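Work through the exercises below with the sequence and the coordinates open. Each task is followed by its solution.

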Amino acid sequence: MVGGKRRPLKAYSIDTREHEPGIPVHDALTAVEKLILEKKPHAIVLGAFRSEILMASMDLIAKYKIPYICSIAMTPAFQKKIVENYDQYKYMFRNCLNAIYFVKYLQGAMGFLNKEFGFNKAYLIVQDTLWAQATGKGLEKWYKGHGWEVTGFDAYPLGASDFSPSLIKVRAKKAQVVVPIFDMPQSGILLKQARAMKVPALLCGFISPVAPGNAWDVFEGEVEGMVNFLFEIGPIPVKAVPKSVAFNKNFGKRWGEKARVILSGHGPGPSYDSVYIIADAIKRAGTLEPDAIVSALEKTDLTGVVGRIRFAKDHQVVYGFDPKETALGCAFQWRKPGVRIPVFPEVVAESKIELPPYMK
Amino acid sequence: MTTSILVYGLVNSVILALIAMGFSLTFGISGVANFAYGGFYLLSGYLTWMLLNYLGLPFALAMLITVAVAGLLGFLTYWVILLRVRGIALSEVIATFALGAGMLEFFRWMGFVTYEFTLPCFMKGRVEIFGVPLDYQRLFIIGIGLALVIFLYFFTHHTRIGLSFRGIAQNERTAISLGIESDWTAALSLALGSAMAAVAAIAILPLGIISINVGYDVLLIAVAVGIIGGLESVPGILIGSLILGYAQVITGMYLAPEWMMVVYLAAIVLVLAIKPSGLFGKFKELEERV
């Protein structure tokens, strides 16, 4: 009910294809504008995939004044722009993890690796996109202030699939931890190449194709030992957040187990939650007027698949380590016989991070 | 690190040579720059994947079928599309490029864009060469590259079809006057070039994943290697591949990996400016002399 009137929720979608290499920004923006002009939505959820598109679409959203919740693109530049020009960009929110929070999670994991195994040499291999570069640079800064040696930092363009130059350097410089930060489909092959080249280092970071439950089979077991982050809980059931368990169960029932195991490591939880967040805000606003919805969104306090959802002043959902207080991301480790074991943070950990067999 | 550069630079060079050989062969014989080459390469990857995963065929059989289908499609491409524009270089380029882009975008439209599209390695495991670990697949690639060069040499020097290929490549009119059928030879060169694209795809794709942009990259690689070495010259292709292969690995190691792709483009510009026919090519030189 909105302002005493029954308004069933209708969803329309458009694919901007922006996750594929070589798709021009203006193509993606044209798709967004087509959706706005043809379907006249009262709100947009999920939003841009690539940070570059998110940033470019901010003026478009400001022009049409449509409440917008982004659930995938991660650049911190998004929040900066909102804070700097609140009146213009206040319609935009983000409920997925951003690069800053990801760096915090990585710092936690690196702290554990240092304490448990004495590791202090890391090599960063990132995708040449806004969010991945921001994450890499943020972590590099932290490493330098905490006694770690960064033995290398390489960026690969979208679509690249030969990582051997970096892996040769990882071996030569004797890095103990490799931090890959990638969301492109080609990046899964980095693991296979690392195994083929006998790189004696623990991989701990984010490789999107390694996150889903079928990655063990797809990569023929070469993923063993990798510590991969799930930016938000959701694609893996976590007892500390009962809604994530229910989400997995119901998703499997509705779309089949085959579809559930290929849920991506970034986006499913926030995308699902975003519909509830916007519906809740519209209900509380009691109107479809954008400014009223924005005010209601700012007061959001819900428990979703990702934990507790509250927006900070910069319109970013707060992530942390306690799902009763904040939203939550986690890391798991691939272990034999092809299972994902949550290992970080403590609230979800079912085991400690172990060294992969090739490092023992 | 130097040993690693030597070993992986060699592997990278053979990969580039494998990719470029089919393109060069077709151009050397028929004069057609087959810009659908990337499309054939990717089609071969996806076809093998489908034969393995949808029909459950053994890998060896899937490979044979793929190479045969790619060859047949190349053959038909000549008769159905190229015959109508033969001799008009720009139209040939436009027609083949449109065909290749159509093939690639068809797979994009079909949703073949996820990480699940990978081909299995011929054999799992690795060896150490001077302390540098190298997986069997890369060794196979080197072997296949060598085998293909030897095959091409014997094919073009000791078989009737191969000799007719060379005859057409040297002088089409004289070859016709001696009874060599020009269109059939050109169609066969398209078929052989496409089949070689399939061989390259089956050998190389297990190192990465099958994705749409690979098709466009392959075309760029084939053109870059061809321009450096000389489009119609097999020795030129080998030397061009070695130059580019090592230049890329050294760039990735000492400059930054994001510059690796720039190496191709820079090489194209440089060679076109200094020696337009390539290091071993003769086409442009002959043209200039005339």
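**Exercise 1.** What should helix H5 (residues 136-158) of chain B span at 1.5 Å a residue, and how far apart are its end C-alpha atoms?

Solution. The model is predicted. Start with the length: helix H5 of chain B has 23 residues. The expected span is 1.5 Å times one less than the number of residues. That gives 33 Å for H5(B). Now compare: the end C-alpha atoms of H5(B) are 32 Å apart, which agrees.

**Exercise 2.** Find the buried residues of H5(B), then identify what covers them.

Solution. Buried means under 20% relative accessible area. In H5(B), the residues Gln137(B), Arg138(B), Ile141(B), Ile142(B), Gly145(B), Leu148(B), Leu152(B), Phe155(B) and Thr156(B) are buried. Next, look for the cover. From chain B it includes helix H1 (2-30), strand S2 (132-135), helix H6 (160-170) and helix H8 (182-204). Chain A contributes too: its helix H8 (189-196) is part of what covers the buried residues of H5(B).

**Exercise 3.** Describe the build of chain B, from its elements to its overall dimensions.

Solution. Count the elements: chain B has twelve helices and two strands. Read them from the N terminus: α-α-α-α-β-β-α-α-α-α-α-α-α-α. The radius of gyration of chain B is 19 Å, close to the 19 Å that the globule rule gives for 290 residues, so chain B is as compact as a globular protein of that length. Along the principal axes, its C-alpha atoms fill a box of roughly 55 × 45 × 35 Å. Of the 290 residues, 53% count as buried. Finally, take the contacts in chain B with a separation of 6 or more: residues 24 or more positions apart account for 74% of them.

**Exercise 4.** Repeat the analysis for chain A.

Solution. Chain A has 13 helices and 14 strands. Its radius of gyration is 20 Å, close to the 21 Å that the globule rule gives for 360 residues, so chain A is as compact as a globular protein of that length. Its C-alpha trace spans about 65 × 40 × 35 Å along the principal axes. Buried residues make up 57% of the 360 residues.

**Exercise 5.** What supplies the exposed area of each chain, and how far apart are the charge centres?

Solution. Take chain A: about 14500 Å² is exposed, and carbon and sulfur atoms supply 55% of it. Chain B exposes about 12600 Å², with 73% from carbon and sulfur atoms. Turn to charge. Chain A carries 47 positive and 35 negative side chains, and the centres of the two sets lie 3 Å apart. In chain B, the mean positions of the 13 positive and 14 negative charges are 5 Å apart.

Methods
Residues are numbered from 1 along each chain as its sequence is written. Chains are lettered from A and ligands numbered from 1 in the order in which they are written. This is a predicted model: local features need pLDDT of at least 70, side-chain atom pairs count only at pLDDT 80 or more; totals for chains, interfaces and linings use all residues. Side-chain values use heavy atoms; hydrogens and water are left out. Helices (H or I, at least four residues) and strands (E, at least two) are DSSP runs, numbered from the N terminus. The radius of gyration is taken over C-alpha atoms; the globule rule is 2.2 Å times the number of residues to the power 0.38. Buried means under 20% relative accessible area, exposed over 50%, partly exposed in between (1.4 Å probe, protein chains only). Accessible areas come from the Shrake-Rupley method with a 1.4 Å probe; for residues, only the protein chains shown count as cover. Lys and Arg count as positive and Asp and Glu as negative; His and the chain ends are not counted. The place of a charge is taken as NZ of Lys, CZ of Arg, CG of Asp or CD of Glu. Contact means heavy atoms within 4.5 Å.
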